[in-house]
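Reader: I am new to this structure and should like to understand how its helices pack. May we go through it in questions and answers?

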Amino acid sequence: MQVTQDLSFVHLILTASVLVQLVMGLLLFVSMMSWGYIFQKLFTLRRELKLTDKFEAAFWNSPNLNDLYKQVSAGQVSNQGALERIFLAGAVEFAKLKKQPGINSSALMDGTRRAMRATYQREMDRLESHLSFLASVGSVSPYVGLFGTVWGIMNAFRGLANVGQATLAHVAPGIAEALVATAMGLFAAIPAVVAYNRYAYDINRLSSRFESFTEEFSNVLQRQP
Amino acid sequence: MTATTYREPYQFSAGVLALLVHGVFFAVLYFGLSWQTKPPMEAMSVELWDALPMPAGVPTGGMSPEMVAPDAAPALVEPPPPAPIEVAKPDIVVPEKKPPKPLPVPQKLNAKPTHTAQKPVESNRKNPQSLLERYGIEGGNTSTTRGGGRVGQQLRLADAVKATEVDRLLAEYIGKIKAKIKRDIVMPPDVPENARVEFLVTLLPDGSVMTVRLARSSHAGYANAVERAIFKAQPLPLPPNNELFGQFRELKLVFKPIE
């Protein structure tokens with residue numbers, strides 16, 4: 001290898017050893033996936049936040065719970081937010097239990113709350129899906145990139161052992177192409193970590209809003225005649 | 001509630017955006033970064049000079065009037081401000097009071113350099129002393145020249161470097177240079193006593209040797225030994241003042257086994 005050779009980015013990737021290329025390919029794939037999830041979660045959470053605001057406003061402004069129930073249940077499921085589904089589950093369960101003869105008030109409220117709790121869990125599970133993938137990418141991909149780099153540098157030094165007069169020009173291209181793997185690992189990891197932290201915080205806030213809504217809705221139902 | 005299979009929304013747009021991000025990133029890397037694709041420039045060596053050295057043959061004292069003028073003019077203009085200070089120190093005021101007077105000296109020198117060269121030295125005994133001072137040579141009764149002041153120095157610079165003084169310094173330092181080189185000569189066997197080698201040595205201002213050219217030689221082995229010694233002896237001793245370096249840039253050094 002000569003120092004005068006082309007050191008462009010593409011050339012570095014194309015001339016890397018097979019294992020380093022594999023690592024780079026893996027990192028590229030992982031990076032694509034994580035960016036995909038980042039955008040998907042971004043849109044989902046933004047939409048969820050908007051729907052939650054809208055439904056909370058509608059809930060507290062509605063004079064009659066029955067009207068609200070009819071309105072919500074008439075709408076399409078795919079257009080509903082998590083909070084609407086929690087509300088619907090509680091209201092449906094409450095109505096069903098109310099029809100049963102001889103049910104006491106605490107059993108009625110327990111059943112309603114359980115139904116809402118189950119829906120809440122399911123909604124949270126959906127909101128949190130793929131977050132663990134982002135966390136894994138954030139923590140693992142630098143190491144994968146580092147592995148590729150170490151391997152590439154090992155190769156570069158092994159090549160150095162075969163030449164009589166060792167100069168920096170012999171190892172520099174090898175090290176440069178090996179370091180591309182670390183760069184790609186970091187490129188995959190940094191957005192994933194940032195996005196993970198951001199989304200975990202958003203989901204945490206949504207979760208506490210859902211929980212407090214569940215409690216408040218239980219109180220409202222308990223006051224029902 | 002029925003557990004309907006939930007399909008994540010925004011899958012398509014998220015995928016397209018992820019592709020876009022990577023495309024932009026690689027485009028930036030591809031077009032924005034241009035790593036070293038050309039061979040680096042060849043290394044080159046540069047000599048740094050304080051001022052242009054005088055050609056070795058021309059004595060500095062024999063400058064043409066036009067060349068003297070820029071030096072002499074400040075000497076004429078500058079005196080008025082320091083004049084009160086000179087009055088305050090009355091000891092050497094009298095000899096230094098007349099700045100324009102020495103100006104004719106270089107012109108005279110110019111006209112008849114060889115004859116008058118000695119004259120200013122005689123008439124102004126202080127100058128060689130100050131010259132020694134200027135070239136950083138210790139010794140001599142410097143205290144008498146202390147009071148020279150700025151005016152005197154300017155004048156001395158104008159009519160300054162007396163050929164004899166330069167010659168003396170030149171001889172002294174060539175002697176030093178030769179002595180230093182001789183210490184490093186590893187004498188080869190069977191060198192005849194009458195062997196004689198002549199080298200043209202080009203020096204750099206820091207005393208290191210730039211080129212060595214063998215001008216004349218009567219014994220190849222001895223010439224080789226001397227050439228090695230010249231390189232080994234660097235940096236060669238040079239006068240501390242750079243103004244004289246013009247005399248030392250090209251040196252003709254003659255070596256004999258017995259001197």
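Author: The exchange below concerns two helix pairs in this predicted model.

Reader: How are α5(A) and α7(A) oriented to each other?

Author: Helix α5 covers residues 105-128 of chain A, and helix α7 covers residues 168-222 of chain A. Their axes come within 11 Å and cross at roughly 165°. Angles over 145 degrees count as roughly antiparallel, and the two helices are therefore roughly antiparallel to each other.

Reader: How many nonpolar residues does the contact of α5(A) with α7(A) have?

Author: Residues of α5(A), including A:Met109, A:Met116 and A:Leu127, meet residues of α7(A), among them A:Ile203, A:Phe210 and A:Leu221. By class, this contact has 3 charged residues, 5 polar and, as the number asked for, 9 nonpolar.

Reader: How are α2(A) and α1(B) oriented to each other?

Author: Helix α2 of chain A spans residues 18-61, and helix α1 of chain B spans residues 11-32. They pack with their axes 8 Å apart, at an angle of about 130°. That angle lies outside the ranges for roughly parallel, roughly perpendicular and roughly antiparallel, so α2(A) and α1(B) are oblique.

Reader: Is the crossing of α2(A) and α1(B) left-handed or right-handed?

Author: In this pair, residues of α2(A) such as A:Trp35, A:Gly36 and A:Phe39 meet residues of α1(B), including B:Ala14, B:Leu17 and B:Val21. The contact divides into 8 nonpolar, 7 polar and no charged residues. The way in which α2(A) passes α1(B) is right-handed.

How values were computed
Residues numbered from 1 in each chain as written. Chains lettered and ligands numbered in written order. Predicted model: local features only at pLDDT ≥ 70, side-chain atom pairs only at ≥ 80, totals over all residues. Axes fitted to C-alpha atoms, helices over the stretch in contact; angles between N-to-C directions. Helix = DSSP H or I, 4+ residues; strand = E, 2+ residues; numbered from the N terminus. Parallel < 35°, antiparallel > 145°, perpendicular 65-115°, else oblique. Contact = placed C-beta atoms within 7 Å. Nonpolar A, V, L, I, M, F, W, Y, C, P; charged D, E, K, R; others polar. Left-handed = near helix turned anticlockwise from the far one by under 90°.
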